[in-house]
Amino acid sequence: MAGLTTAKSTLAGMHTEKLSGRTQQRFFSPEEAENYTYPWAYSVDFDKTADFDAADMDTMAINKRIRELMNEGYGHIVVKNPGAKHSLGVGILNRLKLDFEGSLGYFGCGLIDGPNIRVSGRVGWSCAENMMAGTVVIENNAGSTFGAAIRGGDLVCKGDGGARIGIDQKGGTIIVGGNAGAFCGFMMQRGRMVILGNTGKNLGDSMYDGIIYVGGTIRDLGVDAVPGEMTDLDCEWLDRKLKMYGLSAPRGVKNMTKIVSGKQLWNYDNLEPVEKKIAL
Amino acid sequence: MCGIAGLIHRGKKADIGTEMTAMLQALKHRGPDSTGYALYGPEQKGNKFVMRFKVAEQEDLAKGFDITDIMAERKKSVDARLKEMDAKVTEREKATEYSYRYVFTYDGDLRKLIDYVEDIDDVEILSVGRALELIKDLGDATRVSDQYQLKGFKGTHAIGHTRMATESDVDIRSAHPYWAYPFSDVSVVHNGQLTNYWIGRRELERRGHRFMSNCDSELIAVYLADRMDRGDDLEEAMRRSIDELDGVFTYVVATADALGMAKDTMAAKPMVLYESKDFIAMASEEVAIRSIFPHEIKTFDPYDGEVRVWRA
């Protein structure tokens, strides 16, 4: 099964890099049990639901209340009137169903590993930055740097997104149902990004790896971002993923544009100055 | 990092003083050094103007025992020069120990009058306009609002700023908004950095424009004023600024009957917009808009290089 997964991801254009030099160093050992547990994770019961009104609470009080409820075993928490406050729902490292009935400010749902979060309103800059796993679904629009440096999970914005979506993306999937701004996928390293509408300038600038799918028009591509060939595997994956979130490509997934790295900047540090000039 | 905000009511007047105070107070964390307002109240008719000016900086009050007398002398000089230029002051109001609000009638060249008054040492005209009243001071929005009694200020539109001083001093002259001297009723707030400030400033100074501070935001106000002087309308001037001003910025500009916003081509500075048929609000952070809209509203980010203008 592991072999099949690897083969499929390679066919889909993922994980094509050949590690060499310093990058071969191993930082993670699957043998060590401590690598699979978090000291601040809670065991919760998804049948237990709690809600609270956050209108008169500040960020710290709201996050503390979420933590208290998780500690009491609540697996479904509803936060009413978050009022676009910053840094809500951050650092949740366990499974949890978390609903925000309203909008979030900056850095909402950042540094999470596992929860399934739904935001009925809009999110500000850097939503779900550094997310490791789980799902975050935004029903409305998203600000800039949506999903900055995410490592895993699904991050979905059903409306329009701002600039620099998925900057430094290291894994996972980002989906934007509408249009996106400039510099999306800047320095992308892995993962997939799906923009169903139009994108701004410099799409995928300096991307090392990963794939960007665009349903609408691309204003222009950034350095080292090149068109790739849409395969059946791409279409199959897109169909499945979009259906999961009730989305669809306006002109069908087969007519989406695939953007990948030209790999001219790959192993940039190892290039001679002359080669760097050529790559740029 | 600074916080900026703007609002405009279409076709009606509202308590913009209270609304803008709530928005700016919500942005306090973005800039605690000073807070400023450009409020557009009932338009004065004919040759009638409102002038806001100061005769000292807040910090000057701690400099010696005779500062009160000095400020009184400066104010006396302002009165004398206005009289000399045939400007008839119909309302005089002392807003703070060091700042005043005058309403006057004047038929001559406004620029000459302004230049003559500002020629008095340490006197700075914050704004002159038929609708514009520019208020700025040190501290947060609540403090400035209380100090200048802005609660209940009725008008159609307003812009505001909370400042975190990065490249110039913490004083009133470096606080935003900036009035686009010598154009009545044009004001600007800005969040960002202009990297061609000195080149732009020297060029505009050669064209006869004056700068009161070393703050790069002032350049935007003077630049827009200059472009409009040369025939551009507000939107044209703003579109041109996107190409000619270098750096990362988002700014909001207001005139007697319009409000506009512009974002640089890198989209590096934030702005969130709310737009309905009769009301538009914008701010660096949504939390500011939420301070006047407790219920759910749909907001969005403008894109890189975007310029928008709304009429009252």
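# A chat about chain B

The C-alpha centres of domain 1 and domain 2 of chain B lie 24 Å apart.

User: Hi! I'm new to this one. What kind of model is it?
Analyst: Welcome! This is a predicted model.

User: Which domains is chain B divided into?
Analyst: There are domain 1, covering 3–40 + 137–311, and domain 2, covering 44–130.

User: And how many residues does each domain bring to the contact?
Analyst: Domain 1 of chain B gives 15 residues and domain 2 of chain B gives 16 residues. On the domain 1 side, strand E8 (132–138) and helix H4 (141–148) of chain B each supply at least two residues.

User: What classes of residue does domain 1 use there?
Analyst: The side of domain 1 of chain B that touches domain 2 of chain B has eight nonpolar, three polar and four charged residues.

User: OK, switching to the inside. Which residues have the most contacts inside the largest nonpolar core?
Analyst: Those are B:Ala5, B:Ala180, B:Ala221, B:Leu224 and B:Ala283, in a core of 152 residues. Helix H6 (residues 216–229) of chain B makes the largest share of this core, with seven residues. Both domain 1 and domain 2 of chain B feed into this core, with at least three residues from each.

User: Let's zoom in on B:Ala283. What does B:Ala283 touch?
Analyst: Leaving out residues up to four places away in sequence, B:Ala283 touches B:Ile4, B:Ala5, B:Met23, B:Leu27, B:Val272, B:Ala288 and B:Ile289.

User: Now strands. Is strand E3 of chain B mostly covered or mostly open?
Analyst: Mostly covered: E3(B) spans residues 34–40, and seven of its seven residues are buried.

User: Which residues point which way from E3(B)?
Analyst: B:Ser34, B:Gly36, B:Ala38 and B:Tyr40 point one way, while B:Thr35, B:Tyr37 and B:Leu39 point the other way; all of these are buried.

User: Why the back-and-forth along a strand?
Analyst: In a regular strand, side chains alternate between the two faces of the sheet.

User: Neat. How many bridges join E3(B) to E8(B)?
Analyst: Seven, and the two strands run antiparallel. For example, B:Gly36 has B:Lys136 as its bridge partner in E8(B). E3(B) is also joined by seven bridges to strand E10 (residues 157–163) of chain B, again running antiparallel. There, B:Tyr40 has B:His157 as its bridge partner in E10(B).

User: I also see a sheet with five strands. What order do the five strands come in?
Analyst: The order is E11-E12-E13-E14-E18 in chain B, and they form an open sheet with antiparallel pairing. Strand E11 (178–179) and strand E18 (307–311) of chain B are the edge strands, each pairing on one side only.

User: How many bridges do E14 and E18 of chain B pair over?
Analyst: Five, with strand E14 being residues 258–263. In that pairing, B:Ala262 has B:Val307 as its bridge partner in E18(B).

User: Which strands does helix H7 of chain B lie across?
Analyst: Helix H7 (residues 234–244) lies across strand E13 (247–254), E14 and E18 of chain B, and runs at about 15° to E14(B).

User: Last topic: how many residues of chain B are in contact with chain A?
Analyst: On chain B there are 13 residues, in contact with 20 residues of chain A. Helix H8 (286–290) and strand E17 (299–300) of chain B each supply at least two residues of the chain B side. H8(B) gives the largest share of that side, three residues.

User: What classes of residue are on that side of chain B?
Analyst: The side of chain B that touches chain A has seven charged, five nonpolar and one polar.

Conventions. Residues numbered from 1 in each chain as written. Chains lettered and ligands numbered in written order. Predicted model: local features only at pLDDT ≥ 70, side-chain atom pairs only at ≥ 80, totals over all residues. Contact = placed C-beta atoms within 7 Å. Helix = DSSP H or I, 4+ residues; strand = E, 2+ residues; numbered from the N terminus. Nonpolar A, V, L, I, M, F, W, Y, C, P; charged D, E, K, R; others polar. Domains from an automatic or database assignment. Core = buried A, V, L, I, M, F, W, Y, C linked by C-beta atoms within 7 Å. Buried ≥ 20, exposed ≤ 12 C-beta atoms within 10 Å, placed from the backbone. Pairing = 2+ DSSP bridges. Axes fitted to C-alpha atoms, helices over the stretch in contact; angles between N-to-C directions.
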